[in-house]
Amino acid sequence: MRKDVRILLVGEPKVGKTSLIMSLVSEEFPDEVPRRAEEITIPADVTPERVPTHIVDYSEAEQSDEELYQEITKANVICIVYSVNNKKSIEKVTSHWIPLINDRTDKDSRVPLILVGNKSDLVEHSSMETILPIMNQYSDIETCVECSAKNLKNISELFYYAQKAVLHPTGPLYCPEDKEMKPSCIKSLTRIFKVSDLDNDGILNDNELNFFQRTCFNIPLAAQALEDVKNVVRKNITDGVKDNGLTLKGFLFLHTLFIQRGRHETTWTVLRRFGYDDDLELTQEYLFPLLKIPPDCTTELNHNAYLFLQGVFDKHDKDRDCALSPDELKDLFKVFPYMPWGPDVNNTVCTNEQGWITYQGYLSQWTLTTYLDVQRCLEYLGYLGYSIINEQESQAAAITVTRNKRIDLQKKQTQRSVFRCNVLGARGCGKSSFLQAFLGRNLARQRKIREDHKSYYAINTTYVYGQEKYLLLHEVSPDMDFLSDADLACDVVCLIYDVSNPRSFEYCAKSYKRYFLDSKTPCMIIAAKSDLHEVRQQSTLLPLDFCRKHRLHPPQPFTCNSADAPGKDIYTKLTTMAMYPHMTQADLKNSTFWLRASLGATVFAVLGFAMYKAILKQR
């Protein structure tokens, strides 16, 4: 909502503009009226809408045309004052003032107008018969008020309507010619309905309506009031109420009724609570709340955020198959202005045999977005209504900013749940296959992936000492000369070479010596395509000798050319190295260490699956 309101009064000389302002301020008709009143500011605490209001007078005798034009451009609302007993002043409304104002304001953002008929104490008849055709002709006119500065009639109401025309304008909501809401308003209210429909059954039941009412207006509706609302809808339209709940059709009808009856503030209160500005766009403040992220810190979703996202998944997984079909995914993202996930997402996270994103894959993608681009994650959570449904100040409450990695190293422990592994290797060594194998895909499944749907990321869960962690694999460009700081920033490095290509290991050796020799980032060397015949590498040192010299773990054999899904042991090792970077390579070489880590992984993976199946049965 606007921080203040600027009201300008214009009109012919002697119609009572200055008298209206002075009567409002002093609450009595002035004995002497100056040519022009000084600009006054009414404090927020004495206005109905709690917004500071500036009232500006215009005097033809005191001001130049240029000064008038400047005031018109600064005004948020303009009151065109005429005298009800002066036909000429009424004629000037359309012949002079409205054209003048329109010439000085942008066509796409016209300032709202209020027609003010002053001196109603001097006549017994109303000027409304003359004014109504003018109101119908100009959509910029919000309303017309007849008042008397002398009798103090409708003075407060006049300025309230002017304030309301700015804070709760009709223009963006409603088309008076067609007598229906504008498409942008319908679109915004449809999103609000969908966010508020917590079980996604297309109906707002009593609990959902009460939550909506409490969220927007801070008070629940009494049972009788709820029934009265539904009865109004039932009487006026079919399909507005279904199974004793309000449908989208009924929800939109109610808001049309509010607007037609002059209660725009009700609809605006709802729109603003859900993040919309005066142009019915979600505000930057709503979508991108302030979140400070110090250097060497990462961003993760917290427990409440995961619970919220689980709820979003559940309400869209209609067939309860623990995966989102294309239609279910499309339905989930209806509250977005665009489709945020492209086909590459299906090759970034786990999918079922049909290629649909699974429950685990869905949470993984959210985790990836939070880690790589937290601003985008905040935006997405904003579209889903996180702060509203979870009753938080903003969706920044969903994010945990981890502590500096240096502190983790000093304390030899970490609270982080997401670890990044950068995967480097020469072109054709098997980096992409290594990423896809992490998602459970063997070589046969990988060959079905389209080149334009390829992803340079893969994220999945691993278990280390019984703790569920996310490992994020990033395939780095093989162009060694153009590796940026971002390409090198990670928790663990994976250097891959092809055992069947004699020149493959040379890239790993050069990369290690150039970028990681003096780094504290742990490294692992992977001997990929280990199902093929191993050839001698044409490098200064053989892979095993290289690892011995630099005190690295021996090259780990890897293949995804198998009938079953590839194993996850190697990914558990990478996660363990990322979690415990302070451990020496001698510790990491200890077979007992790996046995404890991976045994915990197996046990908790089995327990986790059993628990998840139990939760599904409850759902």
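Q: In this predicted model, how many bridges join strand E4 to E5?
A: Let's start in the middle of things, with strand E4, which covers residues 77–83. E4 and E5 run parallel. One pairing to look for is Ile80, which stands opposite Leu115 in E5. The number of bridges joining E4 to E5 is six.

Q: Which residue in E6 does Ile114 stand opposite?
A: Strand E5 is also joined to strand E6, residues 141–146, and these two run parallel. Five bridges link E5 to E6. Among the pairings, Leu113 has Ile141 as its bridge partner. For Ile114, the residue standing opposite in E6 is Thr143.

Q: What is the handedness of the β-α-β crossover from E5 to E6?
A: To get from E5 to E6, the chain passes through helix H4, residues 128–137. Following that path from strand over helix to strand, the crossover is right-handed.

Q: How many residues of strand E5 are buried?
A: Strand E5 spans residues 113–118. In a regular strand the side chains alternate between the two faces of the sheet. On one side of E5 sit Leu113, Leu115 and Gly117, and on the other Ile114, Val116 and Asn118, and all are buried. That gives a buried count of six of six.

Q: Which strands stand at the edges of the sheet?
A: The open sheet has six strands in the order E2-E3-E1-E4-E5-E6, with mixed pairing. A strand at the edge has a single partner strand, so one side is left without a neighbour in the sheet. The strands in that position are E2 (40–42) and E6.

Q: What is the average twist from one strand to the next?
A: Picture stepping along the open sheet of six strands. From each strand to the next, the twist averages 25°.

Q: At about what angle does helix H1 run to E3?
A: Helix H1, residues 17–26, lies across E1, E2, E3, E4 and E5. Helix H2, residues 65–74, packs on the sheet as well, touching E1, E3 and E4, and its direction makes about 140° with that of E1. For H1 and E3, the angle is about 145°.

Q: How many disulfides does the count come to?
A: A disulfide is a covalent bond between the sulfur atoms of two cysteines. The sulfur of Cys175, a buried residue with a relative accessible area of 17%, is 12 Å from the closest cysteine sulfur, in Cys185, too far for a bond. Cys560, buried at 6% relative accessibility, has its closest cysteine sulfur in Cys429, 12 Å away and also too far for a bond. The count of disulfides comes to zero.

Definitions and conventions: Residues are numbered from 1 along each chain as its sequence is written. This is a predicted model: local features need pLDDT of at least 70, side-chain atom pairs count only at pLDDT 80 or more; totals for chains, interfaces and linings use all residues. Side-chain values use heavy atoms; hydrogens and water are left out. Buried means under 20% relative accessible area, exposed over 50%, partly exposed in between (1.4 Å probe, protein chains only). Helices (H or I, at least four residues) and strands (E, at least two) are DSSP runs, numbered from the N terminus. Two strands pair if DSSP finds at least two bridges between them. A crossover is right-handed if, with the strands pointing away from the viewer, the path from the first strand over the helix to the second runs clockwise. Axes are lines fitted to C-alpha atoms, for helices over the stretch in contact, and angles run from 0 to 180 degrees between N-to-C directions. Contact means heavy atoms within 4.5 Å. A disulfide is a pair of cysteine sulfur atoms within 2.5 Å.
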